[in-house]
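Work through the exercises below with the structure open. Try each task before you read its solution.

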Amino acid sequence: MECPSARRFLPRIGRCERHLSNHWKILLIFACLAAAASAPAEDLAVKKAREKAERGVKGRIWAIADDEFVIYVDGKKAASGDLSKPPEAGEVKLKPGDVIAARAVNKEAEYGFGMIFLSNNGKVTFSSNAADWQAYKPSSKTKWWDFDPATVAKAKPAPGSNTTLNHDIETLAEQGCNEIIWGDPAEDVAYLYRVITLEDLIE
């Protein structure tokens with residue numbers, strides 16, 4: 001048998017439940033707003049820096065080789081030069097996922113390839129090194145820059161034997177080149193590449 005008192009109080013309980021539910025929703029909204037307002041300034045700065053890097057960074061590629069080189073960025077020629085000329089600076093805009101590919105040719109004696117990227121504002125820089133670059137064998141010698149990094153045969157590049165190249169490139173770029181590199185020391189032509197990461201471009 002149903003209690004008359006229960007029928008009288010049930011609607012009130014329902015209203016209280018709805019009131020409490022809305023109350024907790026409001027509290028949750030204010031808690032989220034408070035957390036956002038108190039977020040460390042450095043976290044916001046990091047987020048902005050990452051977003052800026054994702055949009056791309058404009059700068060110059062300084063490169064030199066013993067004896068000559070050509071550089072492509074995502075299939076487009078960006079720079080070229082040889083040992084008889086000062087290091088050349090090619091203007092580029094780099095984004096995460098871009099591929100820098102270089103072909104360096106040794107004509108006699110010492111060999112080596114060095115490259116530095118420096119953003120226009122001077123806050124982003126990286127250079128050639130055996131840790132972040134790969135030596136590879138292109139399937140086409142005429143379109144050596146047109147390849148998929150995931151499918152080519154690759155190996156870590158060897159150090160370049162011409163250490164004076166580092167001094168030559170620093171003279172103009174005013175930035176330290178991490179390492180002069182090469183492919184197989186037994187080969188006169190080295191094919192080298194690097195895939196740009198988001199971390200490369202963060203200020």
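**Exercises on a predicted model**

The accessible surface of the protein chain is about 12,300 Å², and carbon and sulfur atoms account for 55% of that surface. Such areas come from the Shrake-Rupley method with a 1.4 Å probe; for residues, only the protein chains shown count as cover.

This is a predicted model, in which local features need pLDDT of at least 70, side-chain atom pairs count only at pLDDT 80 or more, and totals for chains, interfaces and linings use all residues. Residues are numbered from 1 along each chain as its sequence is written, and side-chain values use heavy atoms, with hydrogens and water left out.

**Exercise 1. Describe the chain as a whole.**

Step 1. Take the elements. The protein chain has four helices and 12 strands. Helices (H or I, at least four residues) and strands (E, at least two) are DSSP runs, numbered from the N terminus.

Step 2. Take the burial. Of the 203 residues in the protein chain, 38% are buried. Buried means under 20% relative accessible area, exposed means over 50%, and partly exposed lies in between (1.4 Å probe, protein chains only).

Step 3. Take the contacts (heavy atoms within 4.5 Å). Among those between residues at least 6 apart in sequence, 74% join residues at least 24 apart.

**Exercise 2. Place strand 5 among its partners.**

Step 1. Find strand 5 at residues 99–105. Six of its seven residues are buried.

Step 2. Look for pairing, which requires that DSSP finds at least two bridges between two strands. Strand 2 (residues 68–73) runs antiparallel to strand 5, and six bridges join them. In this pair, Phe-69 has Ala-104 of strand 5 as its bridge partner.

Step 3. Turn to strand 12 (residues 189–195). Seven bridges pair strand 12 with strand 5, again in the antiparallel sense. Here Val-105 stands opposite Val-189 of strand 12.

**Exercise 3. Examine the backbone in three loops.**

Step 1. Start between strand 1 (57–66) and strand 2. Asp-67 is found in this loop. The peptide bond from Asp-66 to Asp-67 is cis, with omega near 25°.

Step 2. Move to the loop between strand 2 and strand 3 (76–82), where Asp-74 lies. Asp-74 is not a glycine, yet its phi is positive, about 50°. Is Asp-74 buried, exposed or partly exposed? Its relative accessibility is 45%, so Asp-74 counts as partly exposed.

Step 3. Finish between strand 5 and strand 6 (112–119), the place of Ala-109. Ala-109 also has a positive phi without being a glycine, about 55°. Is Ala-109 buried or exposed? Ala-109 has a relative accessible area of 72%, so it is exposed.
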